[in-house]
Every structure is written in structure tokens, then in C-alpha cells.
Amino acid sequence: MVRKMLKFFAYTLFFFTVLIYFTPKVNLYYLLESKLKEQGVVINDEVLSDNGLSLSINDASVNLKSIQSAKIKEIDVKVFGVYNSVILTGVSLASVAATMVPTEIQSISLTYSVFDPLHLVATAIGEFGDAGLSFGLLDGVLHVELHPSKKMLASYGQTLKNLKKSKEGAYTYDKTFKF
């Protein structure tokens, strides 16, 4: 009985691994890109590479409603069904944002898991400090908790005034989006 169960789990794991490996990730990316274009987000100059279990996107330039918004050195997309992640490294925001926040972001990690299916979770590390984000998929509530760096505290006080300061010294921001 135990042997049959182990065999079943081994075949199931093998099936899902092969399914993920042979999924046309590049085609799915272009489908997502067309959906983003409808919202005014255009990604240009990217180089795609299917690595079997993940998709790598290098040197992407992001335009929001025809305005250059960011350059991203590398994006790593992993879709496993149970646990999905997108990791962006080397993000440089446009100089327009320099009046509100520091423009260099080292990494942004977005994750979605079936163990918490109602939330999309992200963490970001950059010149601004580090931030944790949580987005409720049902209620549309975005919660941001920012632990600002010395540079953020010294040079971007006007931006921090728009956030609520917690007792621990972190700054929080909450916004509800209507769908």
C-alpha cells in the first residue's frame, strides 16, 4: 500500500515537473504583455530566455502611458502552480520620480502561493530602505510597510509625511482599489 502511494506521488511529481518544463512560457509572457498594453503599460527592448522551469527577462524598459517609467536589468519568473514568484533586480525608476523617492531599487520579490490564495505579497529593497507589501485580491486593499533608510529620512521627508508612522518607527500606507 505504501509502495503504491509513493509510486503515485512520484508519477504525479514527475508529471507536474514535465508540465512546467514544457509550458510555452514565452507565449504566456506575450499574452500577459498584450493584456498590460490594454492598460497602458508597454514593455520594450526585453530579451527573453526560457530556462526550463523559469523564464528570464533581461534589459526591459517599462513605459506607462507612453512615459518612460523604469528600466529593469533582470526579471526571473517562476510559475509552479502551488508557489509562484517574480523577482526583479536592478530596477531604475525614471528621473521624474526622483523628487518623491530614491530611484534605485536593488530587488523586488513578488510571490503568490495557494497556501495564502487571497493575498499577493511583495518585498522590496533599495535606496529608500526596505518595504513589505500585501495586496488582498478579494477586497482590493494594498498595505505597505516601509522601513526607511537614512537617505529616505533625510531627503524625502515630504513623501514620508503622506505615510502613517507606527510606534516601531516604520511607515505604513493603506489604499483600497475598486474593481
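Of the 179 residues of the chain, 30% count as buried in this predicted model. The chain exposes about 12,200 Å², and 65% of this area is supplied by carbon and sulfur atoms. Along its principal axes, the C-alpha trace spans about 65 × 40 × 30 Å. The secondary structure comprises four helices and eleven strands. Among contacts between residues at least 6 apart in sequence, 30% join residues at least 24 apart.

Several of the strands are linked through antiparallel pairing. Strands S3 and S4 pair in the antiparallel sense over nine bridges. Within this pair, Leu55 has Val77 in S4 as its bridge partner. The two strands form a hairpin with two residues between them. Lys65, in the turn of this hairpin, has a positive phi of about 50°, although Lys65 is not a glycine. With a relative accessibility of 60%, Lys65 counts as exposed, because the threshold for that class is over 50%. Ser66 likewise lies in the loop between S3 and S4. The phi of Ser66 is near 70°, again a positive value in a residue other than glycine. Ser66 is exposed, with a relative accessible area of 76%.

Strand S4 also takes part in a second pairing. S4 and S5 are joined in the antiparallel sense over nine bridges, and Glu74 stands opposite Thr89 in S5. These strands form a hairpin in which three residues lie between them. In the turn, Gly81 has a positive phi of about 85°.

Further pairing is found toward higher residue numbers, where strand S11 (residues 171–176) is bridged to S9 and to S10. Strand S9 (residues 141–148) runs antiparallel to S11 and is joined to it by six bridges. The bridge partner of Glu145 in S11 is Thr172. Strand S10 (residues 164–165) is also antiparallel to S11, with two bridges between them. Here Lys164 stands opposite Thr172 in S11. Thr172 is thus placed opposite Lys164 and is also the bridge partner of Glu145. S10 and S11 form a hairpin with five residues between them, and Gly169 in the turn has a positive phi of about 100°.

The largest nonpolar core contains 22 residues, of which Val91, Phe128 and Leu146 touch the most other members. At least two residues of this core are supplied by each of the strands S1 (41–44), S3 (55–64), S4 (67–79), S5 (83–93) and S6 (104–113). The largest share, four residues, comes from S3. In a regular strand, side chains alternate between the two faces of the sheet.

The surroundings of two of these core residues were examined individually. When residues up to four places away in sequence are not counted, Val91 touches Ala70, Lys71, Ile72, Thr103, Glu104, Ile105 and Ile108. Phe128 lies in the loop between strand S7 (119–126) and strand S8 (129–136). Phe128 is buried, with a relative accessible area of 11%, because burial requires a value under 20%. With residues up to four places away in sequence not counted, Phe128 touches Pro102, Ile105, Leu146, His147, Pro148, Ser149 and Met152. Ile105 is therefore among the contacts of Val91 as well as those of Phe128, within the contact limit of 4.5 Å. The C-alpha atoms of Phe128 and Asn63, which are 65 residues apart along the chain, are separated by 22 Å.

Thr103, one of the residues touched by Val91, is found in the loop between S5 and S6. Thr103 is buried, with a relative accessible area of 17%. Residues up to four places away in sequence being left out, the contacts of Thr103 are Val91, Ser92, Leu93, Ala94, Ala97, Ala98 and Glu127.

Aromatic rings were considered last. A search of the whole structure finds five aromatic pairs. In addition, Lys175 lies over the face of Phe177, at 5.7 Å from the ring centre.

Terms used. Residues numbered from 1 in each chain as written. Predicted model: local features only at pLDDT ≥ 70, side-chain atom pairs only at ≥ 80, totals over all residues. Heavy atoms only, no water. Phe/Tyr/Trp six-rings, centres within 6.5 Å; stacked < 30°, edge-to-face > 60°. Lys NZ or Arg CZ within 6 Å of the ring centre and 35° of its normal. Core = buried A, V, L, I, M, F, W, Y, C linked by side-chain atoms within 4.5 Å. Buried < 20%, exposed > 50% of the residue type's maximum accessible area, 1.4 Å probe, protein only. Pairing = 2+ DSSP bridges. Areas by Shrake-Rupley, 256 points an atom, 1.4 Å probe, with all protein chains shown as cover.
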